[in-house]
Amino acid sequence: MNCHLVIPNLFLPESAGAEPYRDLALPALETLLARGSHQRLSGMSLERWLAAAFRIASRQDLPLAPINLRGDGVDPGHACWVQADPVHLKVYRDQLLLVDASCFEITRDEAAAMTAALSAHFSADGIEFIAPVAQRWYARVRAEPRMLTTPTVETAGRGVEPFLPAGDDGPGWRRIANEAQMLLHGHPLNEAREQRGDLPINSVWFWGTGRLADISATAPYAAVWSADPLSLGLAGIAGVPAHSLPRTGSQLLDSLRAIPDDRPQLIVIDELRAAVCGDAAAWRSALEDLEQRWFAPLLRAVKGRALQALTLYALGPDHSLSATYTRLDQYKLWQSRRPLIDHSGRQP
């Protein structure tokens, strides 16, 4: 049995520099990267990796909003959906930088009130907003927009101008985004957030336009293990069993003993989002925790023949790689461990 382990944000943006990597204690991860078979990949988000892995065809926009919505427990039906993520836009020098919802708290009441206000304002345009979870909002639209968008996570921490909706209907959706920004700016709940020192939710970010009925997905996996809604939604479309993510690799291995299927298991662990927020200390702590809970037990399982192979997809916005480790790789003693930064695409 093989396991494919996908870790977004394992590599930080190049702008973070070398300091966050200094003195990290990651022996299992370093062994996997040093002795496994490597393939360098371009920088990519989890969303792009999953779309490619499940062979999602993009007619124009990457149609991930209805899949995410399904993963969040809502039937998209036959409607067209656009992701409308709550964000904070802040002025920095001469540009607007996007801060996504992984960097601030939103209550369910705030999400419900703000999406209700947006729905009331845009009802004449045939747009209805919902928030099945506080951090992810969606817009149901009357007609499918012809536009190209960029996932929120790929825009986070960057100036938004190059990533605004493009294509035939791009200008209209930039207008809608501006109106939403003005509406949210004056919302009483945002005034209350600012008074208590929280970032205001002063805009929404549109991306991922599509209809579920137009999407097909296939994947060579026996099962998907994740807490990520897009991973779970894709599993459902592809007819692949989806399971809650165990806390540790050891717990996963216990579950796999009861699954007589030799196809790879896909494990998606999205616990390094602190990188998007620029919190290097939180990223380091989470990565060291993953070393103990996941990398070490899965590597031991390969060495002990409980797993035939472990493939890691280490993703980052500027650099990614895959590394496959088999039992025989443990004997490559001439390939010594190196610090994580040596695999990050930058100089130490």
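1. In this predicted model, Asp198 is partly exposed, because its relative accessible area of 32% lies between the limits of 20% and 50%. The side chain of Asp198 meets that of Arg196 in a salt bridge, with an N to O distance of 2.7 Å. Arg196 also counts as partly exposed, at 46% relative accessibility. Neither residue therefore reaches the limit of under 20% that defines burial.

2. A second contact of this kind involves Glu271 and Arg293, whose closest N and O atoms are 2.6 Å apart. Glu271 belongs to the loop between strand E10 (265-268) and helix H10 (280-303), while Arg293 is part of helix H10, so the salt bridge ties together parts that are 22 residues apart in sequence. The partners fall into separate accessibility classes: Glu271 is partly exposed because its relative accessible area is 33%, whereas Arg293, at 8%, counts as buried because this value is under 20%.

3. Salt bridges that share partners join Glu110, Arg193, Arg196 and Asp198 into one network. The pair described in the opening point, Arg196 and Asp198, is thus part of this network. In total, the structure holds 18 salt bridges.

4. Within that network, the side chains of Arg193 and Glu110 meet in a salt bridge at 2.9 Å, N to O. This pair links distant parts of the chain, 83 residues apart: Arg193 sits in helix H7 (residues 188-195) and Glu110 in helix H4 (residues 108-121). Both Arg193 and Glu110 are buried, whereas Arg196 and Asp198 are partly exposed.

5. Helix H6 merits separate comment. Its 16 residues (170-185) reach 22 Å from the first C-alpha to the last, close to the 22 Å expected at 1.5 Å a residue.

6. Which residues of H6 are buried? They are Gly170, Trp173, Ile176, Ala177, Ala180 and Leu184. These residues lie on the same side of H6, because they cover an arc of only 115° around the axis. Met182 and His185, on the other side of H6, are exposed.

7. The buried residues of H6 pack against several elements: strand E3 (80-92), H4, strand E5 (127-133), strand E6 (136-141), H7 and strand E7 (203-211). Two of these elements, H4 and H7, also carry the partners of the buried salt bridge discussed above, namely Glu110 in H4 and Arg193 in H7.

Note on methods
Residues are numbered from 1 along each chain as its sequence is written. This is a predicted model: local features need pLDDT of at least 70, side-chain atom pairs count only at pLDDT 80 or more; totals for chains, interfaces and linings use all residues. Side-chain values use heavy atoms; hydrogens and water are left out. A salt bridge is a side-chain nitrogen of Lys or Arg within 4 Å of a carboxyl oxygen of Asp or Glu. Helices (H or I, at least four residues) and strands (E, at least two) are DSSP runs, numbered from the N terminus. Buried means under 20% relative accessible area, exposed over 50%, partly exposed in between (1.4 Å probe, protein chains only). The expected span of a helix is 1.5 Å times one less than its number of residues. The arc is that of the directions from the helix axis to the C-beta atoms. Contact means heavy atoms within 4.5 Å.
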